[in-house]
Amino acid sequence: MSSAGYSLEPIPQNGRIYGFWDHFAIWFGADMGIAVFWAGSLLTPGLSLSDAILATIVGLAVGNLLMGLIGLMGARTGVPTMVLARGSLGIRGSYLPSLLNYLQLIGWTSIMIIVAAKAMEEVISIVFGVKGFYILWVIIYGLIVTLWTLAGPEKWKPLQKAALILLLMLSVWLAYVTLTKFNFWMLLAKPGSGELTFWVGLDLVIAMPVSWLPLVADYTRFSKTVKHSFWGLYFGHFLGCGLCYILGALTNVAAKLPDPISIIAIYGLGVPAMLIILFSTTTTAFLDIYSAAVSFKNVFTKANVKKQITIVGVIGTIIAIFFPPEQYEWFLLLIGGAFTSLAAIMLSDYFIIKRYYDPQGLLKVDERYWYSYGVNLIAVIIWLVGFIFYLLVAATTLLGVSIPLIEVVAFSLGSSAPTFILVFVLYTVLMRCIKVGST
């Protein structure tokens with residue numbers, strides 16, 4: 001098990017150590033964090049609080065289903081997500097999303113460290129009146145999440161379960177403090193400013209589970225059963241992410257604060273605030289660091305995963321010192337564009353086209369996944385078409401760019417749903433035509 005977690009080889013059955021609660025703990029902690037509180041605050045006051053809550057529920061219901069299905073593929077085959085992508089894109093075709101995933105996960109690592117350091121700086125300032133240690137907090141958190149990741153998959157079980165219990169207790173406390181300091185029903189009835197449409201808000205929610213699509217199978221590959229992986233992932237992520245989105249939207253409406261940590265600190269609950277920052281950061285960022293290393297190995301198969309974990313942790317920490325987090329909203333939308341399209345292709349290929357995914361064949365120069373020079377050109381082109389379409393729709397809704405037809409789609413359905421449908425249908429129809437033509 002120790003070595004299996006650092007290779008691309010299928011996890012053997014005796015190495016499948018994750019049950020329902022292990023998956024629940026991992027994915028509850030994955031988006032139980034300051035960055036998701038912050039993302040929730042982007043929904044208001046552009047949307048009303050009631051619309052923000054509805055967007056959260058609908059967005060996670062849809063996004064988590066996609067996560068669960070990709071996770072199911074990992075649980076059945078025992079290989080990471082980017083190795084699964086070889087089945088539809090080709091062995092070399094999977095290199096492009098792998099490198100993109102590597103880069104975006106370094107970005108996520110930096111964002112996790114940034115928001116944690118900023119939140120800790122604010123809490124310490126309010127509680128103890130001390131400022132000016134932001135860079136120190138960046139270094140400390142970078143070190144913590146890197147060491148947590150290096151502990152390895154078999155050590156994450158007790159760490160994640162301990163973090164789950166603490167985060168559940170602290171989040172209940174957090175919700176209690178927030179709801180007792182403000183009139184919830186009055187805030188719920190307050191209209192939004194109209195700066196954000198419901199569909200753009202929905203995109204911002206869906207972007208969160210979608211951002212996990214290129215790495216979810218990296219963890220469900222350790223699952224004892226398919227049911228454990230699907231339902232543990234679905235409910236764990238729904239509860240953790242949904243709670244953060246709603247509380248972020250609530251506190252932004254109530255006090256114009258981007259996260260409830262500030263409210264807790266203001267009311268003298270500094271220690272719980274610090275514990276939330278500590279555990280929510282580590283339970284999220286270690287997933288980014290580990291999967292960045294695994295994605296890198298999918299391209300450079302001789303790479304050492306442990307060394308890559310250290311490299312990603314160090315780079316993420318250095319970037320965190322200089323990275324401007326103001327572009328967070330665009331970052332979420334860009335990621336949604338790339339991996340919504342990829343998920344549509346992978347799910348169509350596996351569940352509709354029903355291509356056989358041989359775990360060992362995916363790791364070798366197997367003609368079934370070699371296509372033309374290792375690239376399924378049709379799949380790669382459709383993926384890029386979907387990505388461009390997504391960006392055009394997002395530009396229409398966010399920048400007010402007028403594009404005929406695209407504008408109608410943008411304000412009726414948003415970006416994520418039409419992109420997924422377009423790519424899914426295009427890939428399914430073209431691949432079925434090819435199969436028919438070849439028979």
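1. Let's start inside one helix. Cysteine 241 sits in helix H11, which covers residues 226-255. Is this cysteine buried or exposed? Its relative accessibility is 0%, so cysteine 241 counts as buried. Have a look at its surroundings too: leaving aside neighbours within four places in sequence, cysteine 241 is in contact with Asp31, Val36, Leu60 and Met208. Valine 36 is a nice partner to find on screen, since cysteine 241 and valine 36 are 205 residues apart in sequence while their C-alpha atoms are 6.9 Å apart in space.

2. A word on what you are looking at: this is a predicted model. The average pLDDT of the protein chain is 84, and 89% of the residues score at least 70. Where is confidence lowest, and where is it highest? The lowest mean, 64, belongs to helix H12 (residues 260-266), and the highest, 95, to helix H3 (residues 49-77). Please keep that in mind when you look at H12, the helix with the lowest confidence.

3. Now for the overall picture. The protein chain has 20 helices and zero strands. Of its 439 residues, 60% are buried. Among contacts with a separation of 6 or more, 86% are between residues 24 or more positions apart. The pair of cysteine 241 and valine 36, 205 residues apart in sequence, shows you such a separation.

4. Two helices deserve your attention for how enclosed they are. In helix H1 (residues 20-30), nine of the eleven residues are buried, so H1 is largely enclosed by the rest of the structure. Those buried residues include Asp22 and His23 as well as Phe24, Ile26, Trp27 and Phe28. Helix H2 (residues 34-41) tells a similar story: seven of its eight residues are buried, so the rest of the structure largely encloses H2. Its buried residues are Ile34, Ala35, Val36, Phe37, Ala39, Gly40 and Ser41.

5. Next, the nonpolar cores. In soluble globular proteins, nonpolar side chains tend to be buried together. Which residues of the largest core touch the most other members? Of its 113 residues, they are Trp27, Met73, Leu84, Tyr245, Leu287 and Ile345. Helix H13 (residues 270-299) gives the largest share of this core, with eleven residues. There is also a second, separate core of eleven residues, among them Ala116, Ile124, Val138 and Tyr141.

6. Tyrosine 245 is a good residue to follow by eye. Not counting residues up to four places away in sequence, tyrosine 245 touches Val36, Ala39, Gly40, Leu43, Thr56, Leu204, Val205 and Met208. Val36, Ala39 and Gly40 are among the buried residues of H2. Cysteine 241 is also in contact with Val36 and Met208.

7. Charges come next. How many salt bridges does the structure hold? There is one. Aspartate 349 pairs with arginine 355, and the closest N and O atoms are 2.8 Å apart. Aspartate 349 itself is buried, with a relative accessible area of 0%.

8. Arginine 86, in helix H4 (residues 81-89), makes an interesting contrast. This arginine is buried yet has no salt bridge, and the nearest side chain of opposite charge, glutamate 9, is 8.7 Å away. What does its side chain reach at 2.6 Å? The partner is the backbone oxygen of leucine 362. Beyond residues up to four places away in sequence, arginine 86 also touches others, including Leu8, Asn298, Thr301, Tyr369 and Tyr371.

9. Finally, some backbone details worth checking. Threonine 44 and proline 45 are joined by a cis peptide bond, with omega at about 0°, and proline 45 lies in the loop between H2 and H3. Lysine 354 has a positive phi near 60° although it is not a glycine; you will find lysine 354 in the loop between helix H15 (328-352) and helix H16 (359-362). At 62% relative accessibility, lysine 354 counts as exposed. Tyrosine 373 has a positive phi as well, near 55°, in a residue other than glycine. Its place is in the loop between helix H17 (367-370) and helix H18 (377-399), and at 67% relative accessibility tyrosine 373 counts as exposed.

Methods
Residues are numbered from 1 along each chain as its sequence is written. This is a predicted model: local features need pLDDT of at least 70, side-chain atom pairs count only at pLDDT 80 or more; totals for chains, interfaces and linings use all residues. Side-chain values use heavy atoms; hydrogens and water are left out. Helices (H or I, at least four residues) and strands (E, at least two) are DSSP runs, numbered from the N terminus. Buried means under 20% relative accessible area, exposed over 50%, partly exposed in between (1.4 Å probe, protein chains only). Lys and Arg count as positive and Asp and Glu as negative; His and the chain ends are not counted. A salt bridge is a side-chain nitrogen of Lys or Arg within 4 Å of a carboxyl oxygen of Asp or Glu. A polar contact is a pair of N or O atoms within 3.5 Å; within protein, one must be able to donate a hydrogen and the other to accept it, and residues adjacent in sequence count only if both atoms are side-chain atoms. Contact means heavy atoms within 4.5 Å. pLDDT is the predictor's confidence in each residue, from 0 to 100. A nonpolar core is a set of buried Ala, Val, Leu, Ile, Met, Phe, Trp, Tyr and Cys residues joined through side-chain atoms within 4.5 Å.
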